[in-house]
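Trainee: I am new to this structure and would like a close look at a single part of it. Please take one part and go through it slowly.

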Amino acid sequence: MINSLYNVTRKGWLKALSFILATAMFAAILMNSFMFAQHFGGSIPYLAILVFYGMAILWIHGIGFEIKSTPFKLIFLPITGYLITTPAFLYIVLN
């Protein structure tokens, strides 16, 4: 099941989307670092770590690194990166 979920995201346009979203998230954190620190690192500092984890997943996927091991496919599943990074990016940009 993990392999089939991972293979769904092996398309080229999804890898490009991962790279663009990770780059945009990095730029949003860089430009709004005070707001990111206040909202994501303030009361619950684990949210900032979670956002960095999602961004790392998207960087790995967007660069094109192919993961062979099934446990690492579970850890670095791109769908998880999308689910973490997209709401965080929208929150930073829209606020």
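Trainee: Which residues make the nonpolar surface patch of about 510 Å²?

Mentor: The model is a predicted one. In it, Ile44, Tyr46, Leu47, Ile49 and Leu50 make the nonpolar patch on the surface, about 510 Å² in area. Take Leu50 from that group: Leu50 sits in helix α4, which covers residues 46–63. Its relative accessible area is 40%, so Leu50 counts as partly exposed, given that this class lies between 20% and 50%.

Helix α4 also leads to two buried residues elsewhere in the chain. Gly81 belongs to helix α6, residues 78–94. Gly81 has 0% relative accessibility and is therefore buried, the cut-off being under 20%. Apart from neighbours within four places in sequence, Gly81 touches Gly54, Ile57, Leu58 and Thr86. Of these, Gly54, Ile57 and Leu58 fall within the 46–63 range of α4. Between the C-alpha atoms of Gly81 and Ile29 the distance is 16 Å, with 52 residues separating the two in sequence.

The other buried residue is Thr9, in the loop that joins α1 (2–8) and α2 (12–31). Thr9 is classed as buried because its relative accessibility is 3%. Its side chain comes to 2.9 Å from the backbone oxygen of Tyr6. With neighbours within four places in sequence left aside, the contacts of Thr9 are Leu14, Lys15, His61, Pro78 and Ile79. Among them, His61 lies in the residue range of α4, while Pro78 and Ile79 lie in that of α6.

Definitions and conventions:
Residues are numbered from 1 along each chain as its sequence is written. This is a predicted model: local features need pLDDT of at least 70, side-chain atom pairs count only at pLDDT 80 or more; totals for chains, interfaces and linings use all residues. Side-chain values use heavy atoms; hydrogens and water are left out. Patches are made of residues with over 30% relative accessible area and no salt bridge: like charges are joined within 9 Å, nonpolar side chains (Val, Leu, Ile, Met, Phe, Trp, Tyr) within 5 Å. Accessible areas come from the Shrake-Rupley method with a 1.4 Å probe; for residues, only the protein chains shown count as cover. A salt bridge is a side-chain nitrogen of Lys or Arg within 4 Å of a carboxyl oxygen of Asp or Glu. Helices (H or I, at least four residues) and strands (E, at least two) are DSSP runs, numbered from the N terminus. Buried means under 20% relative accessible area, exposed over 50%, partly exposed in between (1.4 Å probe, protein chains only). A polar contact is a pair of N or O atoms within 3.5 Å; within protein, one must be able to donate a hydrogen and the other to accept it, and residues adjacent in sequence count only if both atoms are side-chain atoms. Contact means heavy atoms within 4.5 Å.
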